[in-house]
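Please examine the sequence and the three-dimensional model shown below. The report that follows describes its secondary structure, cores, cavities and selected residues.

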Amino acid sequence: ALLVKTFLIQAFFIPSGSMEQTLHGCTGCTGDRVLVNKVPYWFGEPEPGDIVVFRGPDTWSPEITVSEPSNWFSGALLGLGRAIGVAPPSEDDYVKRVIATAGQTVECCDAEGRVLVDGEPLDEPYIYQDSPLGGGSLGREFDPVTVPEGRLWVMGDHRSASSDSRRHVTDQYSGTIAVDDVIGKGALIVWPLDRFTLLDSPDIQGTDDQGMPGAAAPMPLVQGAAAVAAPYVLGLTGAVPLTAWRRRRRS
């Protein structure tokens with residue numbers, strides 16, 4: 001279980017409403033439990049449209065407050081709960097959507113209030129309750145930011161309730177997060193059962209058919225399928241021989 005959690009897949013509890021309504025985490029509702037797949041980023045880096053779980057920079061304020069355990073036993077239980085996605089994550093863990101990657105310039109807004117990347121508006125049908133037009137701490141508009149090498153610009157789907165890259169443009173990282181701090185890609189809502197579904201990565205920049213210079217090449221179909229299936233195949237590869245060995249030992 002430890003090896004699977006470290007290298008393959010990990011379950012996360014969604015504790016805030018910053019990704020509504022793609023991921024439920026609102027006050028009073030049943031927070032989604034999401035499987036995060038770590039394998040796709042063995043083959044490449046996060047792409048625009050991906051939902052990622054990451055460790056936030058030390059300049060980011062937590063979106064949730066978690067009471068830390070007072071003793072080792074409570075700490076062990078909390079760690080176990082986080083490993084299987086039934087306990088709130090660390091205050092340093094966030095879930096957002098990738099909007100722009102290294103070398104791209106992101107800003108808001110065009111005449112229709114849309115986010116622009118390299119001067120082109122994004123197609124974002126998932127946005128829920130966008131921020132009001134205007135600047136300031138609660139407004140939608142922000143000045144152009146060119147994403148540094150090895151970093152990402154991320155935003156929540158519930159724009160008016162997400163403390164994301166827009167809210168941290170004045171820090172030393174211009175609001176961006178490190179690729180190395182990405183834990184994995186949101187792959188599947190596993191709980192509650194009535195919301196069981198795969199999480200897709202829409203082509204928000206419209207690059208799939210345009211072949212734009214500088215755009216990352218899409219992952220080949222076979223390679224993409226391998227990335228999705230690998231955690232489960234490897235998990236079974238490890239679990240089946242171990243189970244068989246334990247049964248033989250008992251007999």
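The protein has 4 helices and 12 strands, where helices (H or I, at least four residues) and strands (E, at least two) are DSSP runs numbered from the N terminus. This is a predicted model, in which local features need pLDDT of at least 70 and side-chain atom pairs count only at pLDDT 80 or more, while totals for chains, interfaces and linings use all residues. Residues are numbered from 1 along each chain as its sequence is written, and side-chain values use heavy atoms, with hydrogens and water left out.

Of the 251 residues in the protein, 42% are buried; buried means under 20% relative accessible area, exposed over 50%, and partly exposed in between (1.4 Å probe, protein chains only). Among contacts between residues at least 6 apart in sequence, 72% join residues at least 24 apart, a contact being heavy atoms within 4.5 Å.

**Strand β2 and its partners**

All of β2 is covered, in that 5 of its 5 residues are buried. Arg 33, Leu 35 and Asn 37 point one way from the strand, and Val 34 and Val 36 point the other way. Strand β1 (residues 9-13) pairs with β2 in the antiparallel sense over 5 bridges; two strands pair if DSSP finds at least two bridges between them. In this pairing Ala 11 stands opposite Leu 35. β2 is also joined by 5 bridges to strand β11 (residues 182-191), again in an antiparallel arrangement, and there Asn 37 stands opposite Lys 185.

**Nonpolar cores**

In soluble globular proteins, nonpolar side chains tend to be buried together. A nonpolar core is here a set of buried Ala, Val, Leu, Ile, Met, Phe, Trp, Tyr and Cys residues joined through side-chain atoms within 4.5 Å. The largest such core has 14 residues, of which Ile 99, Val 106, Val 115 and Trp 153 touch the most other members. At least two residues of this core come from each of β4 (93-100), β5 (105-108), β6 (115-117), β8 (142-146) and β9 (151-155). Apart from it lies another core, of 12 residues, including Leu 23, Val 36, Val 95 and Ile 183.

**Cavities**

A search of the whole structure finds 2 cavities of 30 Å³ or more. On a 1 Å grid over the protein atoms alone, a cavity is a set of points where a 1.4 Å probe fits but cannot get out, and lining residues have an atom within 4 Å of a point. Grid points are joined across faces, edges and corners, and a volume is the space filled by probe spheres set on the points.

The second largest cavity has a volume of about 30 Å³. Its lining consists of Phe 12, Ile 14, Leu 23, Val 34, Val 36, Ile 51, Val 53, Val 95 and Gly 186. The elements giving two or more residues to this lining are β2 (33-37) and β3 (51-55). By class, the lining has 8 nonpolar, 1 polar and no charged residues; Ala, Val, Leu, Ile, Met, Phe, Trp, Tyr, Cys and Pro count as nonpolar, Asp, Glu, Lys and Arg as charged, and the others, Gly among them, as polar.

**Selected residues**

Leu 152 is found in strand β9 and is buried, with a relative accessible area of 1%. Leaving aside neighbours within four places in sequence, its contacts include Pro 46, Val 98, Ala 100, Ser 165 and Val 182. Leu 152 and Ala 102 are 50 residues apart in sequence and 6.4 Å apart in space, C-alpha to C-alpha.

His 158 lies in the loop between β9 and β10 (177-178). This histidine is also buried, at a relative accessible area of 9%. Not counting residues up to four places away in sequence, His 158 touches Gly 17, Ser 18, Met 19, Glu 20, Tyr 128 and Gln 129.

Two of these contact residues have backbone features of their own. Glu 20 is joined to Gln 21 by a cis peptide bond, with omega about -5 degrees, and Gln 21 is in the loop between β1 and β2. Gln 129 has a positive phi although it is not a glycine.

A cis peptide bond also joins Trp 191 and Pro 192, with omega about 0 degrees; Pro 192 is in the loop between β11 and β12 (197-198).

The non-glycine residues with positive phi described here are tabulated below.

| Residue | Phi | Loop | Relative accessible area |
|---|---|---|---|
| Gln 129 | about 50 degrees | between β7 (120-121) and β8 | 44%, partly exposed |
| Ser 174 | about 55 degrees | between β9 and β10 | 28%, partly exposed |

How values were computed. On a 1 Å grid over the protein atoms alone, a cavity is a set of points where a 1.4 Å probe fits but cannot get out, and a pocket is an open set with protein on both sides within 12 Å along at least five of seven lines; lining residues have an atom within 4 Å of a point.
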